[in-house]
Amino acid sequence: MKWVRFAIASVALAVFIVAAWWLQWQRQQRQAWQLVERALRFHERWTVTGEIRWGVRETDGGWRERAATLTLNGQKLTVRAGDEQLVCSMAGCRVARKDIPVKIAPVSGVRYEGLPDRLTLLRRNYWAVPEGMTVVAGYVGQTVRLLPRHAGVYQRRLAINLKTGMVLWQEVVDHDGTVLSRMEWKRVQYRKRAQFVSPIALVKGLTKGGLLSKPLTEGLLKGFVAESELSSRCECCACGTTVKAMRCTDGATELAVYLLDDAHKEHGCPYCRIPEGKPRYAQIGATTIVVVCEPHPLVIVGEVHPGVLMAAAKEMAKKLE
């Protein structure tokens with residue numbers, strides 16, 4: 001009888017410990033998601049400028065850092081990093097680099113309707129766990145770790161300002177704990193987000209002449225949904241190449257798929273050139289770039305594990321055959 005009573009007591013104690021741990025986990029999840037929601041709301045309403053520093057893990061394991069200044073003047077956002085300059089005129093979505101003559105202009109676009117909001121996507125694809133406190137650029141922040149529910153996507157750590165919800169720094173972390181990239185604000189200014197007319201029309205489904213009746217990425221990367229498609233034309237030379245760009249997200253990780261028309265084979269400007277060869281990839285920090293040349297030129301860019309992204313690219317290429 002003593003052993004029976006001991007066994008019952010042990011089981012009861014184990015159940016109590018598991019229940020206490022589960023309640024503590026749920027409480028932590030609730031606190032973390034409240035902070036993440038505050039961050040989403042802040043960055044929907046405000047545009048942040050100032051001095052920023054970012055670093056990436058190189059292929060040899062080294063760490064490279066750079067600094068930049070972001071300024072917003074009317075509808076023009078300028079990023080300066082050393083002698084390089086990137087200018088984005090939001091009203092026309094024109095992008096130009098000072099060191100490389102790349103100019104693109106929107107031709108047509110479509111935004112998919114009926115998609116989950118960003119917070120719903122995040123909760124569906126990640127667990128959120130609060131960590132310690134930190135101070136960045138004079139602001140106090142709480143660190144939150146986003147743990148992916150699906151393979152191939154990296155962890156993220158965010159430092160969120162407790163008062164405003166601004167993301168003060170962000171890290172992308174590999175499964176073994178290695179930091180692949182980091183972004184941190186050094187000096188901050190923010191103002192209400194500028195209002196401008198988006199080139200992506202708010203219409204249902206694809207525009208006439210669309211490539212496929214469904215998003216090319218549908219069902220290929222678990223957790224990701226296609227948000228929009230935008231066709232842009234190269235204006236940096238006479239090639240007139242058009243690129244269809246599909247933007248996808250799982251709430252935290254962004255993914256872009258680029259499809260080039262046949263004009264790119266006859267010209268070689270920086271925007272439309274893709275070297276021939278077998279499917280291949282390059283990784284810079286957390287960002288993977290996959291290139292597939294046949295049967296249709298295809299480029300995918302995203303902070304996803306190279307093996308997972310390469311497999312998805314090959315499946316997309318099959319759809320285009």
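Select Leu-119 to begin: this residue counts as buried, at 13% relative accessibility. Leu-119 belongs to helix H2. The model is a predicted one, and every value on this tour is computed from it.

**Stop 1: helix H2**

Keep Leu-119 selected and display what surrounds it. Leaving out residues up to four places away in sequence, Leu-119 touches Trp-33, Val-36, Glu-37, Leu-40 and Arg-41. Now pick the C-alpha atoms of Leu-119 and Glu-37: they are separated by 6.6 Å, although the two residues are 82 apart along the chain.

Next, select the whole of H2, residues 118–125. Which residues of H2 are buried? They are Leu-119, Leu-121, Leu-122 and Asn-125. Turn the view to look down the axis: these residues cover an arc of only 160°, which puts them on the same side of H2.

**Stop 2: the loop after strand E7**

Move along to Ala-137, in the loop between strand E7 (126–136) and strand E8 (139–148). Is Ala-137 buried, exposed or partly exposed? With a relative accessible area of 35%, Ala-137 is partly exposed, because that value falls between the 20% and 50% cut-offs. The backbone is worth a look here too. Most residues other than glycine have a negative phi. Ala-137 has a positive phi, near 50°.

**Stop 3: Thr-143 in strand E8**

Select Thr-143, which sits in strand E8. Thr-143 is buried, at 4% relative accessibility. Which residues does Thr-143 contact, leaving aside its neighbours within four places in sequence? One group is Val-129, Pro-130, Glu-131, Gly-132 and Thr-134, and the list also includes Arg-157, Leu-158, Ala-159 and Trp-169.

**Stop 4: strands E9 and E10**

Select strand E9 (residues 155–161) and strand E10 together; they run antiparallel and are joined by six bridges. To find one facing position, pick Arg-156, which stands opposite Val-172 in E10. The two strands form a hairpin with five residues between them, where Gly-165 has a positive phi near 95°.

Then select E10 alone, residues 167–173. How many of its seven residues are buried? Six of them are, so that the strand is mostly covered.

**Stop 5: Ala-81 in strand E3**

Go back along the chain to Ala-81 in strand E3 (residues 76–81). Ala-81 counts as buried, with 8% relative accessibility. Apart from residues up to four places away in sequence, Ala-81 touches Trp-54, Arg-66, Ala-67 and Ala-68. Pick the C-alpha atoms of Ala-81 and Ala-67: the separation is 6.1 Å, and the residues lie 14 apart along the chain.

**Stop 6: strands E15 and E16**

Select strands E15 and E16, which pair in the antiparallel sense over five bridges. Ile-284 has Thr-287 in E16 as its bridge partner. This hairpin has two residues between its strands, and Gly-285 takes a positive phi near 65°.

**Stop 7: helix H3**

Select helix H3, residues 306–319. Its 14 residues reach 20 Å from the first C-alpha to the last, close to the 20 Å expected at 1.5 Å a residue. Colour its buried residues: Pro-306, Leu-309, Met-310, Ala-312, Ala-313, Met-316 and Ala-317. Where on the helix do the buried residues of H3 lie? Seen down the axis, they fall within an arc of 165°, so they line one face of the helix. To see what covers them, add four strands, which are among the elements involved: E14 (254–260), E15 (280–284), E16 (287–292) and E17 (298–302).

**Stop 8: the nonpolar cores**

In soluble globular proteins, nonpolar side chains tend to be buried together. The largest nonpolar core here has 38 residues, and Val-36, Leu-146 and Ile-300 have the most contacts inside it. Select Ile-300 and display its contacts, again without residues up to four places away in sequence: Leu-255, Ala-256, Val-257, Thr-288, Ile-289, Val-290, Leu-309, Ala-313 and Met-316. A second core, separate from that one, has 13 residues, among them Ala-81, Leu-168, Trp-169 and Val-188.

**Last stop: the whole protein**

Clear the selection and show everything. The secondary structure comes to three helices and 17 strands. Of the 321 residues, 40% are buried. Among contacts between residues at least 6 apart in sequence, 52% join residues at least 24 apart. Switch on the surface to finish: the protein exposes about 17,800 Å², with carbon and sulfur atoms supplying 56% of it.

Conventions: Residues are numbered from 1 along each chain as its sequence is written. This is a predicted model: local features need pLDDT of at least 70, side-chain atom pairs count only at pLDDT 80 or more; totals for chains, interfaces and linings use all residues. Side-chain values use heavy atoms; hydrogens and water are left out. A nonpolar core is a set of buried Ala, Val, Leu, Ile, Met, Phe, Trp, Tyr and Cys residues joined through side-chain atoms within 4.5 Å. Buried means under 20% relative accessible area, exposed over 50%, partly exposed in between (1.4 Å probe, protein chains only). Contact means heavy atoms within 4.5 Å. Two strands pair if DSSP finds at least two bridges between them. The expected span of a helix is 1.5 Å times one less than its number of residues. The arc is that of the directions from the helix axis to the C-beta atoms. Accessible areas come from the Shrake-Rupley method with a 1.4 Å probe; for residues, only the protein chains shown count as cover.
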